[in-house]
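Q: Please take a close look at one part of this structure and walk me through it in some detail. I would like to see how its strands are arranged and what sits in the loops beside them.

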Amino acid sequence: MIEWIHHRPPRACNETEIRVAERLKGLADSPHLWTVIWGYYYTDMRGTKREGDFLVLGPIGGLLVLEVKTRLPRHFAETGTWEGTGDTDPIEQLHREWQGVICGIEAKGKPPTVEKALCVPGAVVPPEIDLFQGVERHWLVTGNNLVSWTATWRRIFGKHAQTPVTEEQKRSVIAAFGQGSLPKEKRAFIDHTEELFKRQFQSRFSLLDQLSDNRQILVQGGTGTGKTWHALEQAFRYARQGDGRRVLFLTYNKALTAQLRRLVTLRRIDCGQVVVRGWEELFIELLTLVGHYVTKPPPGSDKEVMRSFYEIDLLRLVLETSRDPALRAKWPVFDSLVVDEGQDHDTCWPIEIDACECEAGGWWHIYQLLLKEYRDAPASIFYDAAQRPPFRAAERFDPAVLAAAWSQPAHVRLHPAVRFTRPLWQFIRDHSSPTTASMIDSLGNGDHLPEGPEPKMYPLPVGTDACELVESILTHWKKIGHCQPREVLILHSQSDIVRSPLGTCRILLGHNLCECTEEEDAPNTIRHTSIHKAKGLDSKAVILIGLPSHKDLATESDHYSWFMAVSRARQLLAIVETS
């Protein structure tokens, strides 16, 4: 295991340091924890503030001061000259750095054994050579030494190589040179980032102020642009108008419906009402109100049976019911409409359903029948056509048809993404594919995004206990101060968790697993759901399990699922990759 503490971003470091860091990443395979501080400041014996390259703290031995050199200058003993260094003695420089590090640690507590070495990753020196370019071998860590790190560590620390580093000694090192790395400091940073996200979304609400005189707005925005939060805010604004208005807030998937319903319950408004419904839930409710009770196919039914019911039979029944004014009179009536993830609501009927010209618009025709002012009613629709799943026909949603269905729509675009950290944004950008390219392009530029932890990938070999691996991730995040288990969302590629690598596991670290579609938000639980139910959701921390590595994704659906899953994370992401 390896814990990195960066005091400057890797992208700002020179190529030689990056080569050393790449070698040190091999410590991640160790069963013991190593701490690597990359870039730090120390005060030398003259009181001058200086910068060092690496401090490596092992589980045994102690702390190694590693000063990186692109090349090692030659030392000519007769003149005392170091070629090409302006008479700067690299050994003397290293010694001053070593003294400054020891003094810095002693000011905070008890130091471990501290050793020092010049690191020249481009050099290869056989172990039997005692002197290299005028420098004694024991001062050097060369490219071949970085490959055989355990042997190098033992050579440098000698008789102290097997002495354990105590927690007290580690705390002293971290206090001196690990600023910002203590759990409480990391937690404060991540909590502050959550506040930044909230402020960014709220500052964007001024867009709704500017559009308040528009009867209807069609808002297009990519992943992470805040569509759901704008939709929720707009629903509350509609509800507060006049003496109070009745607002229908429509969603597509059950998990988002459950979350929005909880948020609406928590937010008290002085007047009006926001009614949250999923499309399926709404259509079944409309049939129930007229005495037509439908039976849904049981879970696990044949795909064609499910498709026939949800994409044809249910829609046909609702459309036929809408043609009877007496039956339609039993339906609820709303003043305003808000729709999130609008691209998943079809703008046409399937070819199996006969619809007349006045019923054009697909599901939206039914939605408008529920509004007092029909196509003239206040409405706000949030969508991103690129996010429509590959398994649902793209031609069944047409933004132009949607716009034509309303009397006076204004078109707005949210851009760029604001709810990711920069490392997450970069990670998603680096894993583009033809299927996800348009969605990734819509993220825009990430220069404005806050910093945060790097996403991590964990292989899950066949036969490995997935629950133990997930628990180790949760434990690590909790221990280093990133988040609590209850703040994590676990996403699995299978619709039923039993068919996922987690199997029958229902408790992780003493926390019950809770399906996101459940209406009650039970305390001290860890939320989970399938990827396809998670669209519209987001979480501070996400663990994805059940998909292969990105390079092994085979289908458009796999690439879409991968993107949907990783883009649910705001700050922390762990991907458990299956074989």
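The answer below takes one sheet as its subject, then follows the chain into the neighbouring loops.

A: Happy to! Keep in mind that this is a predicted model. Some overall bearings help before zooming in. The protein has 18 helices and 23 strands, and its C-alpha trace spans about 105 × 50 × 40 Å along the principal axes. Of the 579 residues, 53% are buried. Among contacts with a separation of 6 or more, 74% are between residues 24 or more positions apart.

Now to the sheet. Six strands make it up, in the order S13-S12-S14-S15-S11-S16, with parallel pairing in an open arrangement. Its edges are strand S13 (273–278) and S16, each of which pairs on one side only. From one strand to the next, the twist averages 15°. Helix H9 (residues 254–266) packs on this sheet, where it touches strand S12 (246–251) and S13, and its direction makes about 165° with that of S13.

One pairing is worth a closer look. Strand S11 (residues 216–221) and strand S15 (residues 379–383) run parallel and are joined by five bridges. Within that pairing, glutamine 220 stands opposite tyrosine 383 in S15. As background, strands of a sheet pair through backbone hydrogen bonds, either parallel or antiparallel.

The loops that follow three of these strands are next. After strand S14 (336–339), the loop leading to helix H13 (363–369) contains glutamate 341. Glutamate 341 has a positive phi of about 50° although it is not a glycine. Its relative accessible area is 4%, so glutamate 341 is buried.

The loop between S15 and helix H14 (399–404) holds another glutamate, residue 395. Glutamate 395 is exposed because its relative accessible area is 61%, and exposed here means over 50%. The C-alpha atom of glutamate 395 is separated by 8.9 Å from that of aspartate 346, and the two residues are 49 residues apart along the chain.

The edge strand S16 leads into the loop before H15, and this is where proline 416 is placed. A cis peptide bond joins histidine 415 and proline 416, with omega about -5°. Arginine 419 is also in this loop, between strand S16 (409–414) and helix H15 (422–429). Is arginine 419 buried or exposed? With a relative accessibility of 5%, arginine 419 counts as buried, because the limit for buried is under 20%. What surrounds arginine 419? Leaving aside residues up to four places away in sequence, arginine 419 touches Phe197, Phe201, Thr223, Gly224, Leu537, Asp538, Ser567, Arg568, Ala569 and Arg570. For one of these neighbours there is a polar detail: a polar atom of the arginine 419 side chain lies 2.8 Å from the backbone oxygen of serine 567.

Some of those neighbours point towards another stretch of strands. Strand S23 covers residues 569–578 and runs parallel to S22, with seven bridges joining the two. In that pairing, isoleucine 545 stands opposite valine 576 in S23. S22 is also joined by five bridges to strand S18 (residues 488–492), and these two run parallel as well. Here leucine 489 has valine 542 in S22 as its bridge partner. Nine of the nine residues of strand S22 (residues 539–547) are buried, so S22 is largely enclosed by the rest of the structure.

One last backbone detail can be set beside glutamate 341. Leucine 509, in the loop between strand S19 (507–508) and strand S20 (511–515), has a positive phi of about 55° although it is not a glycine. Leucine 509 counts as partly exposed because its relative accessibility is 33%, whereas glutamate 341 is buried.

To bring the picture together: the part you asked about is an open, parallel sheet of six strands, with S13 and S16 at its edges. Beyond S16 comes the loop with the cis bond between histidine 415 and proline 416 and with the buried arginine 419.

Technical notes. Residues are numbered from 1 along each chain as its sequence is written. This is a predicted model: local features need pLDDT of at least 70, side-chain atom pairs count only at pLDDT 80 or more; totals for chains, interfaces and linings use all residues. Side-chain values use heavy atoms; hydrogens and water are left out. Helices (H or I, at least four residues) and strands (E, at least two) are DSSP runs, numbered from the N terminus. Buried means under 20% relative accessible area, exposed over 50%, partly exposed in between (1.4 Å probe, protein chains only). A polar contact is a pair of N or O atoms within 3.5 Å; within protein, one must be able to donate a hydrogen and the other to accept it, and residues adjacent in sequence count only if both atoms are side-chain atoms. Contact means heavy atoms within 4.5 Å. Two strands pair if DSSP finds at least two bridges between them. Axes are lines fitted to C-alpha atoms, for helices over the stretch in contact, and angles run from 0 to 180 degrees between N-to-C directions.
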